[in-house]
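Thanks for coming. I will go through one model this morning, from the overall fold down to a few single residues. Please look at the screen.

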Amino acid sequence: MIRPLHPDDVPALDRMLARCSPESIWLRFRGRPNGFPSSYLQRCLTGEQPALVDEQEGEVVAMGSIGPVPGEPGVAEMAVLVEDRWQHLGLGRRLMLALLVQAGPRVVRMHMVRSSLSAHLATTLRVLAVERHGSETVLDVDARSAVEHWSERRRDRGERGDVLVQPG
Ligand SMILES: CC(C)(COP(=O)(O)OP(=O)(O)OC[C@H]1O[C@@H](n2cnc3c(N)ncnc32)[C@H](O)[C@@H]1OP(=O)(O)O)[C@@H](O)C(=O)NCCC(=O)NCCS
C-alpha cells in the first residue's frame, strides 16, 4: 500500500535502510548513511518535499519524495529507494507514478548513477534535457509522458490499484 510518510515511520525507515544493500544505498544517496539524512527527513515530514512510502507485509519497503527545484518553476526533483528484495517488481514505478500524480510537476528531474536505468528511462520517456556529472546522469523528463508510460505499464501488467491515503 502506498501512503504518505508519517513521523512514526522513522524507525521503519531505519529498518528498511538496514535491509538495503550498500549498492542500493549508494545509488540513492551517493554515500553510505546509517539512516535517512535528518535534514532530508525533516523536509519530507514538513511537506516541503512530499514523500510517500510503500508498505508490504507490515513493513515499509520503499520510500520516495518529490520536491520543487528552487528557481525553476514547474520542475520537481524525484528520488526513490526500493529495498533490494522488492526491486524489479513494479514498486518503484508505482511509487514514482503516485508521486507525480500527487505533485503534478511539468518536468521531473531524476539523478541516476546506474547507466542501464537512465538509458531505459531515456528510451521509454520523453526526455527534455540530459546532463552528465561524472558518473551521475541528470534527466529532465516530461512529467506527463512518465505518467502516461507508467500508467500504461501498470495496465499491461494487470496491476491492481493501491489504496493511496490522502495527506492530512
Ligand atoms: C531504481 C529503483 C527505484 C527502481 O525501482 P524498482 O521497483 O526496482 O523498479 P520497477 O520494477 O518499478 O521498474 C521500473 C522501470 O524501470 C526499469 N528498471 C528498473 N531497474 C532497472 C535497471 N537496473 N536497469 C534498467 N531498467 C531498469 C524497469 O524495467 C521498469 O521499466 P518500465 O516501467 O518501462 O516497465 C530501485 O531499483 C532502487 O531503489 N534502486 C536503488 C536506488 C536508486 O537507484 N534510486 C534511483 C535514483 S534516486
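Among contacts in the protein chain between residues at least 6 apart in sequence, 59% join residues at least 24 apart. Please keep in mind that this is a predicted model.

Now the overall dimensions. The protein chain has 168 residues, and for that length a compact globule would have a radius of gyration near 15 Å; the chain has 15 Å, so the two agree. Taken along the principal axes, the C-alpha atoms fill a box of roughly 40 × 35 × 30 Å. As for burial, 29% of the 168 residues count as buried.

Next, the secondary structure. There are six helices and seven strands in the protein chain. Read from the N terminus, the order is β-α-α-α-β-β-β-α-β-α-β-β-α.

I will take the strand pairing from E4 onwards. Strand E4 pairs with strand E5, residues 107-112, in the parallel sense, over three bridges. One position to look for is Ala76, whose bridge partner in E5 is Val108. Between these strands the chain goes from E4 through H4 to E5, and this β-α-β crossover is right-handed.

E5 also pairs with strand E7, residues 136-142, this time in the antiparallel sense and over six bridges. Here Met110 has Leu139 in E7 as its bridge partner.

E7 in turn is joined to E6 by six bridges, and those two strands run antiparallel. Within that pair, His133 stands opposite Glu136 in E7. E6 and E7 form a hairpin with two residues between them, and Gly134 in the turn has a positive phi of about 60°. How many of the seven residues of E6 are buried? The count is zero, and this strand, residues 127-133, is hardly covered.

On to the ligand. It is surrounded by 22 residues, and the closest are Leu27, Gln87, Gly92, Arg93 and Ser116. Which elements supply at least two residues each to that shell? They are helix H2 (22-29), strand E4 (75-82), helix H4 (91-103), helix H5 (115-124) and helix H6 (143-156). E4 and H4 are therefore elements we have already met, as the start and the middle of the right-handed crossover. By class, the shell has ten nonpolar, eight polar and four charged residues.

Now some backbone angles. Most residues other than glycine have a negative phi. Two residues here go the other way. Arg30 is not a glycine, yet its phi is positive, about 60°. Arg30 is found in the loop between H2 and helix H3, which spans 38-46. Is Arg30 exposed or partly exposed? It counts as partly exposed, because it has 13 C-beta neighbours inside 10 Å, and a residue is called exposed at 12 or fewer.

The second one is Glu57, also not a glycine, with a positive phi of about 50°. Glu57 lies in the loop between strand E2 (51-56) and strand E3 (59-68). Glu57 counts as exposed because it has 6 C-beta neighbours inside 10 Å.

Just along the chain is Glu59, which lies in strand E3. Glu59 has 14 other C-beta atoms within 10 Å, so it is partly exposed. Leaving aside neighbours within four places in sequence, Glu59 is in contact with Ala12 and Arg15. The C-alpha atoms of Glu59 and Leu5 are separated by 13 Å, and these residues are 54 apart along the chain.

The last residue is Trp86, found in the loop between E4 and H4. Is Trp86 buried or partly exposed? With 18 other C-beta atoms within 10 Å, Trp86 is partly exposed, because the cut-off for buried is 20 or more. Apart from neighbours within four places in sequence, Trp86 is in contact with Gln56, Val61, Ala62 and Leu91. From Trp86 to His120 is 34 residues in sequence and 19 Å in space, C-alpha to C-alpha.

That is the end of my part.

Conventions
Residues are numbered from 1 along each chain as its sequence is written. This is a predicted model: local features need pLDDT of at least 70, side-chain atom pairs count only at pLDDT 80 or more; totals for chains, interfaces and linings use all residues. A residue is near a molecule or strand if its C-beta atom, placed from the backbone, lies within 6 Å of it. Helices (H or I, at least four residues) and strands (E, at least two) are DSSP runs, numbered from the N terminus. Ala, Val, Leu, Ile, Met, Phe, Trp, Tyr, Cys and Pro count as nonpolar, Asp, Glu, Lys and Arg as charged, and the others, Gly among them, as polar. The radius of gyration is taken over C-alpha atoms; the globule rule is 2.2 Å times the number of residues to the power 0.38. Two residues are in contact if their C-beta atoms, placed from the backbone, lie within 7 Å. Two strands pair if DSSP finds at least two bridges between them. A crossover is right-handed if, with the strands pointing away from the viewer, the path from the first strand over the helix to the second runs clockwise.
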